[in-house]
Amino acid sequence: MKPNKHKASHTAEREFGGALGATCIPVFLPLTVLYLLSVCRSPAASVLQWPPPLTPAAQLWDPLAAVVIVSWITLQSFLYLLPIGKVSEGLVLRDGSRLKYPINGFHALSITAALLIVCVCLGMPLGYLFELILPLAVCAIGLSYLLSMYLYIRSFWAPQHALSLGGNTGNPLYDFYMGRELNPRIGDFDLKYFCELRPGLIGWVVINLGMLMKEVELRDSPSLAMLLVNSFQLLYVTDALWNEEAVLTTMDIVHDGFGFMLAFGDLAWVPFTYGLQAMFLVVHPQSLSTLGAAGIILLNGIGYFIFRKSNSQKNQFRRDPTHKSVQHLETIATATGKRLLVSGWWGFVRHPNYLGDLLMALAWSLPCGTSHILPYFYVIYFTVLLIHREARDEKQCRAKYGLAWDTYCRRVPYRIIPFVY
Ligand code: NDP
């Protein structure tokens, strides 16, 4: 096949600061991961400490880390390919076709958990993940670079209709960052879908468990704060994999190409920064009162309820608007034939799912006390990410739905937090 040229979207508006942003982010974010991990393990855990507690370069590499990462990706790929669970179709693509996806992420998580239990019982020192965390992060970052380069090169042989609309400007750095091909596959193996919820997400909770085991090594039993952080984040990951099918209608799968942004985010950013709280607790133990713990559990529960209910409502509505759970909801028509919900959760604010997610993010940090800002990194970063994501989605929806979107915004004036934003 002849390599394709950059025809898909020369005129598409550039995001993330355009070519400059796409040049700086792939340098800045990997360094941020290594910086945060180094600070988190230091006694002061201060992001403002000068000089910063950087880890010597020699300690950033360990061949064991490379073995662990390769074995991990191999295991998760094998579990992805297992013929268990149902197969679901994605949304209709530009050429009118629909791709098939295995819905077996929850099986992958369960089998991984069973294997881990066996390995730990056989004496595998899972707590060693604490010592290995920086070399692991270095390998994951390296892997996300290699994968993005492969994705960029192979995209030139993809048919035009398989290219994303946002990642084909002709600027190599920008396109490398945004991703040229929408759904790159090797045979039936969908690379973006696999990375989105498997190695990074499951890896994140395994790292958390490693931190818990390290705490047990150091202090004989896990602290209440560590148990809460592990449980909350395990609930979040389990929920994502239990509802794996829902990812098929998200922006990442439907709209964004697969490039450095998603590869790095999935393989390095999520597993190594989302669980900073657990790592922080290993070096900086916190005591938590029963009342404080109850309040935090309640906050996480409320966040989870809003997050799950609103996501499920929209997914159900998009998959089958006549379903009995959504048919009573008020909607408005759009010129595309699709309708928009204006009552129920999506009549409360325009992104109720983000609100729930943010409440949970706060609950994950609170067990770490208020002495340090570092364990609040996730909730701060996530607020910025969701505000930016909301703006991107809003722009896309306005382009898609025109006047109907404006009507929706008038009916539901707040974006994420009622009466505030
Ligand atoms: P959403 O699930 O919020 O989907 C946005 C899309 O929903 C819109 O593009 C539109 O698509 C549709 N939509 C918007 N308003 C309405 C309405 N009133 N009625 C019907 N459909 C509507 O997208 P995300 O992918 O951003 O988020 C999914 C979940 O993932 C969220 O809970 C989010 O918090 C979470 N998330 C978590 C991240 C993390 O790192 N932890 C990162 C990113 C997201 P259309 O009309 O075309 O169907």
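How much of the chain over residues 288-307 is helix, and how far apart are the end C-alpha atoms? In this predicted model, that stretch is 90% helix and 0% strand, with its end C-alpha atoms 26 Å apart.

Residues 288-307 appear in an unreviewed UniProt entry as a "transmembrane region". The entry also lists residues 20-44, 64-82, 103-126, 132-153, 258-282, 328-349 and 361-387 under that name. Over residues 64-82, the chain is 95% helix and 0% strand. The end C-alpha atoms of that stretch are 27 Å apart.

Now the ligand. It is surrounded by 26 residues. The closest are Tyr274, Arg318, Tyr354, Asp357 and Tyr401. By class, this shell holds 15 nonpolar, 4 polar and 7 charged residues.

Three side chains place a polar atom by a ligand oxygen, as follows.

| Residue | Side-chain atom | Distance to a ligand oxygen atom |
|---|---|---|
| Lys338 | polar atom | 2.9 Å |
| His351 | polar atom | 3.1 Å |
| Tyr354 | N or O atom | 2.4 Å |

Tyr354 is thus listed twice: among the closest residues and with a 2.4 Å distance from its side chain to a ligand oxygen atom. On its own, the ligand has 920 Å² of accessible area, and the protein covers 88% of that.

Which elements give two or more residues to the shell around the ligand? They are helix H12 (290-319), strand S6 (339-341), helix H13 (352-365), helix H14 (377-401) and helix H15 (403-411). H14 gives the most, with 8 residues.

How values were computed
Residues are numbered from 1 along each chain as its sequence is written. This is a predicted model: local features need pLDDT of at least 70, side-chain atom pairs count only at pLDDT 80 or more; totals for chains, interfaces and linings use all residues. Side-chain values use heavy atoms; hydrogens and water are left out. A residue is near a molecule or strand if one of its heavy atoms lies within 4 Å of it. A polar contact is a pair of N or O atoms within 3.5 Å; within protein, one must be able to donate a hydrogen and the other to accept it, and residues adjacent in sequence count only if both atoms are side-chain atoms. Accessible areas come from the Shrake-Rupley method with a 1.4 Å probe; for residues, only the protein chains shown count as cover. Helices (H or I, at least four residues) and strands (E, at least two) are DSSP runs, numbered from the N terminus. Ala, Val, Leu, Ile, Met, Phe, Trp, Tyr, Cys and Pro count as nonpolar, Asp, Glu, Lys and Arg as charged, and the others, Gly among them, as polar. UniProt positions are given in the numbering used here, feature names are shortened, and annotations may be inferred rather than shown by experiment.
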